[in-house]
Amino acid sequence: MIKEEFFNAVIAYTSTPDNASKLWQEVVAQFAERSRHYHTMVHIENLTKDLVSVKVSFKNWYIVVFAVVYHDIIYKATKTNNEEKSADLAAQRLEGIGVPAELIVRCQAFIMATKRHEAVDHEIDLFTDADLSILGSATDSYRL
């Protein structure tokens with residue numbers, strides 16, 4: 001599901017399908033790192049499934065898709081700047097495909113909200129709630 005959503009989002013801003021493939025390969029490689037336990041492609045898929053059900057609540061679904069994909073792309077359990085680094089990488093990649101600056105800033109706001117999961121606005125709150133939805137699941141779903 002997320003791969004299709006991501007490709008649609010990328011293609012909305014660039015006419016080169018190869019861009020989507022290259023970006024996707026980077027995403028998959030990052031989320032496949034062996035040091036990850038929870039912040040994997042499974043998490044990204046689950047987040048997407050949760051948010052698709054409220055898709056109409058977002059002004060720009062593609063920006064939400066980018067936030068889903070990039071919000072944990074940089075992840076080192078011992079670091080406290082994962083969100084900042086993820087937001088920076090998202091900005092670089094989105095700039096590279098021609099996403100307008102104000103939408104990049106919005107994507108970064110979604111990503112940065114996952115640092116504290118505090119109320120910001122309706123859209124971001126939906127995003128951060130979905131990001132934490134695993135905590136309402138059966139314990140075996142998130143136990144390491």
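For the charge count used on this tour, Lys and Arg are taken as positive and Asp and Glu as negative, while His and the chain ends are left out. By that count, the protein chain of this predicted model carries 15 positive and 20 negative side chains, and the centres of the two sets are 6 Å apart.

**Whole chain**

Begin with the entire protein chain in a cartoon view, where the secondary structure amounts to 8 helices and 0 strands. Read from the N terminus, the order of elements is α-α-α-α-α-α-α-α. The radius of gyration of the protein chain is 14 Å, close to the 15 Å that the globule rule gives for 144 residues, so the chain is as compact as a globular protein of that length. If you turn the C-alpha trace along its principal axes, the span is about 45 × 35 × 30 Å.

Switching to a surface view, you are looking at about 7,800 Å² exposed by the protein chain, of which carbon and sulfur atoms supply 52%. Of the 144 residues, 40% count as buried. Among contacts in the protein chain with a separation of 6 or more, 63% are between residues 24 or more positions apart.

**Helix H1**

Next select residues 2-13, which form helix H1; its 12 residues reach 17 Å from the first C-alpha to the last, close to the 16 Å expected at 1.5 Å a residue. Within H1, show the side chains of Ile-2, Glu-5, Phe-6, Phe-7, Ala-9 and Val-10, which are buried. To see what covers these buried residues, add helix H2 (17-31), helix H3 (41-52) and H4, which are included in that cover.

**Val-64 in helix H4**

Keep H4 in view, residues 61-70, and select Val-64, which lies in this helix. Val-64 has a relative accessibility of 0%, and because buried means under 20%, Val-64 counts as buried. Leaving aside residues up to four places away in sequence, Val-64 touches Leu-51, Phe-58, Phe-110 and Phe-127, so displaying these side chains together with Val-64 shows its contacts, defined as heavy atoms within 4.5 Å. For a distance across the model, pick the C-alpha atoms of Val-64 and Ala-29, which are 35 residues apart along the chain and separated by 21 Å.

**His-117**

Finish at the loop between helix H6 (101-113) and helix H7 (122-131), where His-117 is found. His-117 has a positive phi of about 55°, although it is not a glycine. In the surface view His-117 is partly exposed, with a relative accessible area of 24%.

Terms used
Residues numbered from 1 in each chain as written. Predicted model: local features only at pLDDT ≥ 70, side-chain atom pairs only at ≥ 80, totals over all residues. Heavy atoms only, no water. Helix = DSSP H or I, 4+ residues; strand = E, 2+ residues; numbered from the N terminus. Buried < 20%, exposed > 50% of the residue type's maximum accessible area, 1.4 Å probe, protein only. Expected span 1.5 Å × (residues − 1). Rg over C-alpha atoms; globule rule 2.2 N^0.38 Å. Areas by Shrake-Rupley, 256 points an atom, 1.4 Å probe, with all protein chains shown as cover. Charge placed at Lys NZ, Arg CZ, Asp CG, Glu CD.
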